[in-house]
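Q: I should like to learn how the packing, sheets and cavities of a protein model are read. Could we work through an example together?

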Amino acid sequence: MFFERHNGGERAILVHLENPDPAVREDPQEFQELAYSAGAEVVRLVSVGRYQPSAKFLLGSGKVDELREQVKDSEADLVIVNHNLTPSQERNLERVLECRVLDRTGLILDIFAQRARTHEGKLQVELAQLDHMSTRLVRGWTHLERQKGGIGLRGPGETQLETDRRLLRVRMRQIKQRLEKVRSQREQARRGRQRAEIPVVSLVGYTNAGKSTLFNQLTTSVVYAADQLFATLDPTLRRLELQDVGPIVLADTVGFIRHLPHKLVESFRATLEESSNADLLLHVIDAHEPEREQQIEQVLSVLQEIGAQDLPMLEVYNKLDLVEGAQPCIQRDAEGRPQRVWVSAQQGLGMDLLHQAMAELLGTELFVGALRVPQQLARLRAQLFAAGAVQEESYDEQGDYVIRVRLPRIDLNRLLSREHLHPEGFLEQHTLQ
């Protein structure tokens with residue numbers, strides 16, 4: 001580390017601040033799940049009613065003394081606070097409690113560091129950690145904390161603290177340059193999909209809502225899925241065939257959480273752009289979660305922060321097998337468009353309804369009719385068969401093919417363009433009743 005801290009293990013005391021203001025209130029149950037996800041052995045949960053946070057400790061001095069006794073009695077190595085601490089508050093608490101102190105942002109960063117698997121994910125986590133650490137490089141090297149004069153010590157130089165800060169800035173700049181390359185590569189891939197007119201559907205939602213399980217169910221993949229917060233960190237893309245639409249790209253992304261640290265949103269911007277550039281968002285919601293409305297608000301807040309709030313969205317209420325009396329169904333708005341779908345990704349219930357709703361919302365216009373295809377365009381006929389669009393075939397008096405097809409108009413236009421045929425002109429002359 002760049003500054004001195006007490007060494008210790010994973011026995012942790014959790015400190016939760018009760019606050020009547022819903023804008024800053026945290027969920028103690030979610031806090032415990034975060035601690036378990038990080039691998040902590042929770043020995044005690046302490047709830048503190050603190051409406052006027054102390055500038056020195058965040059907590060009152062009396063509560064800090066009580067906490068110090070609890071740390072000694074339980075032999076805890078770590079105190080985790082369900083709130084964001086300033087660097088000075090974190091240092092003051094460590095000095096008094098004589099153990100490591102971690103705030104909510106540090107806890108989430110630690111979980112992300114454990115979950116990162118790809119090179120890009122590790123870079124993003126490291127950038128967020130360095131950004132978080134940069135404000136905490138204070139008094140780490142007391143023996144070198146200031147430049148000194150005197151015999152043998154005159155001349156240019158820098159303190160160890162300044163050296164650490166400079167090295168940290170250099171490393172952050174290097175990571176940002178690498179992530180910029182990743183962003184340009186993703187943008188290039190997106191442009192390729194746009195040229196091929198392949199729609200992108202992105203899964204978004206609160207952490208542990210079942211996005212990865214749903215992703216596996218839709219794509220028959222084996223993406224890691226577990227009943228824990230932030231099981232998925234690295235984005236995964238898979239190709240999926242959707243009836244009446246054709247190929248689409250389905251993206252599984254990192255889950256959101258209330259008060260997601262802004263530095264994480266910034267560091268993971270290259271990943272989150274998969275959602276902000278999607279043609280359709282599948283907002284996966286835990287139907288069994290008592291606080292699902294608050295979770296929905298948090299997801300919408302993050303979507304607004306990344307500029308994805310105006311994209312077409314389908315709400316997917318997952319885990320209906322845990323909701324008594326719930327059945328798979330599609331709920332529609334006043335215009336008849338799918339608004340939400342009730343499914344169970346774990347049990348595979350409602351997947352056909354989800355496919356149907358996705359196909360409707362992607363807005364692909366179907367072409368259903370008979371085409372007269374001259375014999376010199378036999379390659380076009382072969383491509384229609386290869387696309388699975390032909391329903392029946394016959395011949396007219398001139399020996400031309402008469403093919404009844406059913407396929408998305410966008411795919412038909414693409415096939416005609418490949419043969420250097422103008423879609424509108426060809427369809428106007430060769431479409432039969």
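**Reading helices, sheets and cavities**

A: Let us begin with a pair of helices in this predicted model. Helix α13 (residues 409-418) packs against helix α14 (residues 423-430) at an angle of about 100°, and their axes are 9 Å apart.

Q: Why are α13 and α14 described as roughly perpendicular to each other?

A: Angles of 65 to 115 degrees count as roughly perpendicular. The angle between α13 and α14 is about 100°, and the two helices are therefore roughly perpendicular to each other.

Q: Which residues make the contact of α13 with α14?

A: From α13 come R409, L412, N413, L416 and S417, while α14 supplies P423, F426 and L427. By class, five residues of this contact are nonpolar, two are polar and one is charged.

Q: How is a sheet to be read?

A: In general, the strands of a sheet pair through backbone hydrogen bonds, in either a parallel or an antiparallel sense. In this structure, one open sheet has four strands in the order β2-β1-β3-β4, and its pairing is parallel.

Q: Why is one side of β2 and of β4 left without a neighbour in the sheet?

A: Strands β2 (41-49) and β4 (100-102) stand at the edges and have a single partner strand each, so one side of each is left without a neighbour in the sheet. From one strand to the next, the twist of this sheet averages 20°.

Q: How many bridges join β1 to β2?

A: Strand β1 (residues 11-18) runs parallel to β2, and eight bridges join the two. Within this pair, I13 stands opposite R44 in β2.

Q: Which strands does helix α1 lie across?

A: Helix α1 (residues 28-37) lies across β1, β2 and β3 (78-81), and runs at about 155° to β1. Since angles over 145 degrees count as roughly antiparallel, that is the term for this arrangement.

Q: What is the strand order of the sheet with mixed pairing?

A: This open sheet has seven strands, in the order β6-β7-β5-β8-β9-β11-β10. Its edge strands, β6 (236-242) and β10, each pair on one side only. The twist averages 25° from one strand to the next.

Q: Where in this sheet are parallel and antiparallel pairs found?

A: Strand β5 (residues 200-205) and β8 form a parallel pair over five bridges, with V204 opposite H283 in β8. Strands β10 (residues 329-332) and β11 (residues 338-342) form an antiparallel pair over four bridges, with C329 opposite W342 in β11. Five residues lie between the strands in the hairpin of β10 and β11, where G336 takes a positive phi near 85°.

Q: Which strands does α10 lie across?

A: Helix α10 lies across β5, β8, β9 (313-318) and β11, and runs at about 150° to β8.

Q: How is empty space inside a protein found?

A: A probe the size of a water molecule, rolled over the atoms, shows where empty space is left. In this model the count comes to two cavities of 30 Å³ or more. The second largest cavity has a volume of about 40 Å³.

Q: Which residues line the second largest cavity?

A: The lining consists of Y206, H283, V284, I285, D286, R292, Q295, I296 and V299. Strand β8 (280-286) and helix α10 (292-305) each supply at least two residues of it. By class, the lining has five nonpolar, two polar and two charged residues.

Terms used: Residues are numbered from 1 along each chain as its sequence is written. This is a predicted model: local features need pLDDT of at least 70, side-chain atom pairs count only at pLDDT 80 or more; totals for chains, interfaces and linings use all residues. Side-chain values use heavy atoms; hydrogens and water are left out. On a 1 Å grid over the protein atoms alone, a cavity is a set of points where a 1.4 Å probe fits but cannot get out, and a pocket is an open set with protein on both sides within 12 Å along at least five of seven lines; lining residues have an atom within 4 Å of a point. Grid points are joined across faces, edges and corners, and a volume is the space filled by probe spheres set on the points. Ala, Val, Leu, Ile, Met, Phe, Trp, Tyr, Cys and Pro count as nonpolar, Asp, Glu, Lys and Arg as charged, and the others, Gly among them, as polar. Two strands pair if DSSP finds at least two bridges between them. Axes are lines fitted to C-alpha atoms, for helices over the stretch in contact, and angles run from 0 to 180 degrees between N-to-C directions. Contact means heavy atoms within 4.5 Å. Angles under 35 degrees count as roughly parallel, over 145 as roughly antiparallel, 65 to 115 as roughly perpendicular and the rest as oblique.
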